[in-house]
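Hi,

Here is the structure I promised to pass on to you. Have a look at it first, and then read my notes underneath.

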2 protein chains.
Amino acid sequence: MKKRNYKEIVRELKERGYTLSMARIAILRYVMKENAHYTAEEIYKDLKHEYPTLSIATVYNTLKLLSKEGYIQQIMIDPNKVIYDSTLGVHPHFYCKICGKIEDISSDLTVSVNREMDGNRVDEVHIYVYGICKDCLRKEKEGNKGLRIN
Amino acid sequence: MKKRNYKEIVRELKERGYTLSMARIAILRYVMKENAHYTAEEIYKDLKHEYPTLSIATVYNTLKLLSKEGYIQQIMIDPNKVIYDSTLGVHPHFYCKICGKIEDISSDLTVSVNREMDGNRVDEVHIYVYGICKDCLRKEKEGNKGLRIN
DNA sequence: GTTTATGCAAAAGTTTTGCAAACTA
DNA sequence: TAGTTTGCAAAACTTTTGCATAAAC
């Protein structure tokens with residue numbers, strides 16, 4: 001899964017007629033980081049230090065723009081919030097029901113996707129895997145050992 | 001994908017110690033319908049006619065209970081709301097980006113799921129397919145024909 | 001009769017909107 | 001300078017919570 005350079009994207013967005021403000025560039029850079037899975041709120045809080053005038057509305061606007069233009073994906077694995085992911089293509093996400101952690105998973109899941117399904121045109125496929133992550137599994141086991149529950 | 005009888009589920013829930021109120025039974029019956037993909041709001045509005053004292057809080061409580069007990073799934077394909085589906089097992093959903101319709105899709109997508117991935121324990125897998133449905137595709141084509149756009 | 005769920009209204013949380021001011025090209 | 005975008009604050013939504021009342025067993 002190749003990551004694109006943010007400068008390249010800035011150039012493309014200009015070509016498409018967008019105004020590239022400081023806020024937009026900052027948000028783009030932030031979200032293009034490796035293995036980044038951020039909520040709008042997280043992006044806002046972090047960038048607020050660097051850009052004190054930044055507003056949450058701008059974060060939402062920019063994320064929507066970047067989704068629309070196909071540079072990031074909205075990941076809806078958590079029913080309570082949308083997270084944004086700049087790794088493109090079909091790649092499964094894992095959500096830990098205990099700690100809420102979200103991560104990309106690599107292995108053991110094979111998907112074959114067609115461009116058309118039941119007459120519908122397919123643009124994107126999201127795969128969300130729910131369960132308990134290895135850290136929480138370990139903690140559970142240790143907890144049981146120490147406290148002799150069950 | 002076999003659908004279960006709601007009376008059977010009522011019996012099971014009683015066995016598990018739940019109080020089966022009229023509201024819960026009504027919501028359960030509603031959501032067990034064939035190919036049902038409802039939001040809490042839709043369920044509330046529809047049942048409000050039959051049960052004028054019903055409150056939205058009860059709908060949410062009951063849906064949460066039914067999810068927890070494994071009788072329905074929360075489908076998070078639409079970033080703006082959660083829909084509830086009583087068809088169980090891994091089965092892909094399709095979301096039309098134009099009309100917002102959600103439907104089960106049957107064909108052309110193969111998934112093999114393991115009980116463990118990267119050391120994490122897997123309980124559930126959701127597959128969401130985004131695109132344009134056949135009805136909207138047809139309308140788009142007809143619209144272009146009539147109006148000579150492009 | 002005791003326990004549990006309901007209904008109400010208010011709260012909490014996320015996302016969107018409208019508009020004057022600021023910024024970009 | 002013309003045209004966009006921003007920031008603010010308020011609004012719009014969805015979902016949750018607390019508690020007295022009502023219903024279930």
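Below is what turned up, starting with some ground rules and then going through the DNA, a helix, the cores and a histidine.

This is a predicted model, so to speak of local features we need pLDDT of at least 70, and side-chain atom pairs count only at pLDDT 80 or more, while totals for chains, interfaces and linings use all residues. Residues are numbered from 1 along each chain as its sequence is written, chains are lettered from A and ligands numbered from 1 in the order in which they are written, and side-chain values use heavy atoms, with hydrogens and water left out.

**DNA strand C**

Which residues are closest to DNA strand C? Of the 19 residues that surround it, they are Tyr60(A), Ser21(B), Arg24(B), Thr53(B) and Thr58(B). (A residue is near a strand if one of its heavy atoms lies within 4 Å of it.) Of the strand C atoms within 4 Å of the protein, 85% belong to sugar or phosphate, and the rest to bases.

Some polar contacts (pairs of N or O atoms within 3.5 Å; within protein, one must be able to donate a hydrogen and the other to accept it, and residues adjacent in sequence count only if both atoms are side-chain atoms) go to phosphate oxygens of this strand. The side chain of Tyr60(A) has an N or O atom 2.3 Å from one, a polar side-chain atom of Ser21(B) is at 2.8 Å, and a polar backbone atom of Leu54(B) is at 3.3 Å. Helix H4(A) gives the most to the surface near strand C, with three residues. (Helices, H or I, at least four residues, and strands, E, at least two, are DSSP runs numbered from the N terminus.)

**DNA strand D**

Strand D also has 19 residues around it, and Ser21(A), Arg24(A), Thr53(A), Thr58(A) and Tyr60(B) come nearest. Sugar and phosphate make up 85% of its atoms within 4 Å of the protein. A phosphate oxygen sits 2.9 Å from a side-chain N or O atom of Ser21(A), and one is 3.3 Å from a polar backbone atom of Val82(B). Here H4(B) gives the most to the nearby surface, with three residues.

**Helix H3 of chain B**

Which residues of H3(B), residues 40-50, are buried? They are Ala40(B), Ile43(B), Tyr44(B) and Leu47(B). (Buried means under 20% relative accessible area, exposed over 50%, partly exposed in between, with a 1.4 Å probe and protein chains only.) They cover an arc of only 100 degrees around the axis, so they are on the same side of H3(B); the arc is that of the directions from the helix axis to the C-beta atoms. The face turned away carries the exposed Lys45(B) and His49(B). The cover over the buried residues includes H2, E1, H4 and E3 of chain B.

**Cores**

The largest nonpolar core (buried Ala, Val, Leu, Ile, Met, Phe, Trp, Tyr and Cys residues joined through side-chain atoms within 4.5 Å) has 64 residues, and Ile43(B) is among those with the most contacts inside it. Apart from it lies another core, of 22 residues, including Phe94(A) and Met117(B).

**His93(A)**

His93(A) is in strand E4 of chain A. Is this residue buried or exposed? His93(A) counts as buried because its relative accessibility is 1%. Its side chain makes a polar contact with that of Asp85(A), at 2.8 Å.

Cheers

Methods: Contact means heavy atoms within 4.5 Å.
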